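Visitor: I should like a close look at a single part of this model. Please describe it in one connected account.

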Amino acid sequence: MSIGFVRSAIVLGLLAVVGPFAIDLYLPAMPQIVADLNTDDVAVQLTFSVYFAAFGVAQLLYGPLADRFGRRPPVFLGLVIYIIGSLMCAWAGDISDLTLGRFVQAIGAAAPMVVVRAVIRDLHTGTEATRLMALVMLVFSISPLLAPLAGSGIIAFGSWRLIFMILGLLAFASMVMVFFQLPETLTPERRTPINAAAMLRSAIYLCKDFKFMGLTLISGFSLASFFVFIASAPLVYMTQYALTPTEFSLVFAFGATGFFVSSQFAAPLGERFGMAPVALTGVAGFAAGTCTLFLLVWNGIDHLYVLMTLLFIANAFLGQVIAPTMVMALEDHGEHAGMASSLGGTLQMVAGGVMIFICSPFFDRSALPMVGAIALCAVFALVLALATLRPTRRSKAAA
């Protein structure tokens with residue numbers, strides 16, 4: 001059964017926001033959670049690290065399941081687990097309960113992310129895949145644009161616990177959407193049995209593939225910079241700059257708009273100039289913008305509008321990185337798209353979780369540690385991009 005290009009972008013995009021919504025929706029509630037559960041900033045930020053790490057590692061499970069049983073069954077399994085985790089968070093009695101609930105929620109959220117990438121690889125390759133990935137990310141961008149605003153609205157009328165109840169309802173709605181709108185894209189003859197030895201061989205093969213690992217870690221550290229921002233921005237903006245939850249949500253949405261608009265030009269630019277040059281330029285611009293911001297804040301120029309402007313510019317460059325690197329990483333691994341997708345997703349999310357874990361003790365509700373951690377992620381991504389994407393003399397001669 002086929003699925004139209006626009007329809008697939010909408011369905012896959014809405015499915016892809018299930019996991020990010022669990023991050024962005026409760027950002028405005030972070031100070032409230034700290035007070036209500038009688039805990040501290042580091043403990044609440046740890047719920048992000050746990051979420052990202054569990055989200056990443058769980059993808060190793062769903063990739064093989066998606067290759068063996070098709071794309072739809074793992075989605076239903078993951079969404080059920082996600083609903084259970086959301087209810088655990090809503091009923092959390094202390095920060096330990098909330099952390100455990102986030103762990104369960106993340107295990108469920110991993111399934112839609114793996115399946116979305118695998119379905120894109122099932123349907124298209126090359127620039128068509130980049131186009132579809134960019135359209136999916138257009139819908140995906142609804143999350144950072146609208147979720148914090150929705151979260152601030154929810155906590156204006158109820159407690160932060162209501163946020164997690166609503167997340168459970170959204171997951172149930174996603175199950176209904178998948179049942180009626182997402183046909184199976186992996187035909188029975190293309191499915192591969194689950195074989196632990198074969199999975200290990202496939203994982204080792206992918207880990208030895210310099211191009212796959214380089215592209216995966218470029219997008220991983222690029223995403224890690226955004227995850228660090230997510231974990232620290234609510235406390236920075238609502239403390240140093242004294243923004244209300246609604247004002248924070250608007251500022252957050254403004255920064256995400258740069259990524260959202262720019263990502264829509266990734267495919268046409270990739271067709272004209274090649275995906276690798278576009279991604280390399282994007283990483284270089286992202287690193288330049290974030291390092292400039294760090295130097296300004298380091299020298300005391302940490303005004304809110306300076307932060308907003310340079311993060312907007314940096315995110316615009318970031319919009320040229322994520323979709324092309326994800327597509328290029330999967331390009332040569334069509335027969336094992338599930339494993340490549342899950343392993344790539346694992347490495348990306350674990351990179352984000354590790355960076356938050358390493359940097360969170362330095363976060364003090366001021367802008368400097370936050371922008372320093374973001375710039376550090378950008379520099380790591382740039383080093384990897386120069387090693388992976390820069391044309392070699394041989395490739396230039398061949399061209």
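Guide: The second largest pocket has a volume of about 200 Å³, a volume being the space filled by probe spheres set on grid points joined across faces, edges and corners. A pocket is an open set of points, on a 1 Å grid over the protein atoms alone, with protein on both sides within 12 Å along at least five of seven lines. The model is predicted, so local features need pLDDT of at least 70 and side-chain atom pairs pLDDT 80 or more, while totals for chains, interfaces and linings use all residues. Residues are numbered from 1 along each chain as its sequence is written, and side-chain values use heavy atoms, without hydrogens or water.

The lining (residues with an atom within 4 Å of a point) consists of Leu14, Val17, Val18, Phe21, Tyr82, Leu167, Leu170, Ala171, Ala173, Ser174 and Met177. Two elements contribute two or more residues to this lining, α2 (18-24) and α9 (160-181); helices are DSSP runs of H or I, at least four residues long, numbered from the N terminus. The largest share, six residues, is supplied by α9.

In chemical character, the lining of this pocket comprises 10 nonpolar residues, one polar residue and no charged residues. Here Ala, Val, Leu, Ile, Met, Phe, Trp, Tyr, Cys and Pro count as nonpolar, Asp, Glu, Lys and Arg as charged, and the others, Gly among them, as polar.

Enclosed space is a separate matter: a search of the whole structure finds six cavities of 30 Å³ or more, a cavity being a set of points where a 1.4 Å probe fits but cannot get out.
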